[in-house]
Amino acid sequence: QVQLVESGGGSVQAGGSLRLSCTGSGSIPSILPMGWYRQPPGGPRELVARISTDGSTDYADSVKGRFIIARPSAPNTVYLQMNFLTVDDTAVYYCYALAWNRDFWGKGTLVTVSS
């Protein structure tokens, strides 16, 4: 089975930066499609960014130019570098991976941005 563990959440002032990390483990290939969703307080879960096995990326319009998703030199690990944060970025951020045509999810990490 696939296990995903996120880290890096916390509190930051508007205009600041934060980096989230997610690592997948289990009986899975070394590289999987991975990405991040977020769920703001009282709102729906939404896609933030994703990265394919060949390194191509997609971003939500609300984070383009501010967030970067990337893979370090580690198996099934993905970063989300978040810059120029605003209060609207406050949410629980969830890592996901696609394996065997199914989505697997981490438990989430809270990001709180204050003005």
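**A walk from salt bridges to aromatic rings**

A good place to begin is the salt bridge between D89 and R38, whose closest N and O atoms are 2.9 Å apart. Keep in mind as you look at it that this is a predicted model. R38 belongs to strand 4, while D89 sits in the loop between strand 8 (77–82) and strand 9, so this pair ties together parts that are 51 residues apart in sequence. Are these two residues buried or exposed? Both D89 and R38 are buried.

The pair also has company. R38 and D89 are linked with E46 and R66 in a network of salt bridges. If you select these four residues in your viewer, you can follow the network through R38, E46, R66 and D89.

How many salt bridges does the count come to? The answer is five. Among them is the one between D58 and R50, with 3.2 Å between the closest N and O atoms. Here D58 has 40% relative accessibility and counts as partly exposed. R50, at 38% relative accessibility, is partly exposed too. Another of the salt bridges joins K64 to D61, and their closest N and O atoms are 3.1 Å apart. D61 has a relative accessible area of 65%, and because exposed means over 50%, this residue counts as exposed.

Let us return to strand 4, this time for its aromatic side. The structure holds four aromatic pairs. In one of them, Y37 meets W105 edge-to-face, with 5.1 Å from centre to centre and 65° between the planes. Why does this pair bring together parts that are separated in sequence? Y37 lies in strand 4 (residues 34–39) and W105 in strand 10 (residues 102–105), so the contact ties together parts that are 68 residues apart in sequence. W105 has a second ring partner in Y96: the centres of these two rings are 5.8 Å apart and their planes are at 45°, so this pair is tilted.

Put these contacts together and you have one aromatic cluster, formed by Y37, Y96 and W105. Its members can be checked one by one for accessibility. Y96 is buried, with a relative accessible area of 9%. Y37 counts as partly exposed at 23% relative accessibility, and W105 is partly exposed as well, at 35%.

Now for the strands around this cluster. Strand 9 (residues 91–99) and strand 10 run antiparallel and are joined by four bridges. Which residue in strand 10 is the bridge partner of A97? That residue is F104. As you trace the chain along, a general point may help: side chains in a regular strand alternate between the two faces of the sheet. Strands 9 and 10 form a hairpin, with two residues between them. In the turn you will find W100, which has a positive phi of about 55°.

Two contacts between a charge and a ring round off the tour. The charged end of R45 sits over the ring of Y94, at 3.8 Å from the ring's centre. In the other contact, R19 lies over the face of Y79, 4.3 Å from the ring centre.

Definitions and conventions
Residues are numbered from 1 along each chain as its sequence is written. This is a predicted model: local features need pLDDT of at least 70, side-chain atom pairs count only at pLDDT 80 or more; totals for chains, interfaces and linings use all residues. Side-chain values use heavy atoms; hydrogens and water are left out. Rings of Phe, Tyr and Trp (its six-membered ring) pair if their centres lie within 6.5 Å; planes under 30 degrees apart count as stacked, over 60 as edge-to-face and the rest as tilted. Buried means under 20% relative accessible area, exposed over 50%, partly exposed in between (1.4 Å probe, protein chains only). A charge sits over a ring if NZ of Lys or CZ of Arg is within 6 Å of the ring centre and within 35 degrees of the ring normal. Two strands pair if DSSP finds at least two bridges between them. A salt bridge is a side-chain nitrogen of Lys or Arg within 4 Å of a carboxyl oxygen of Asp or Glu.
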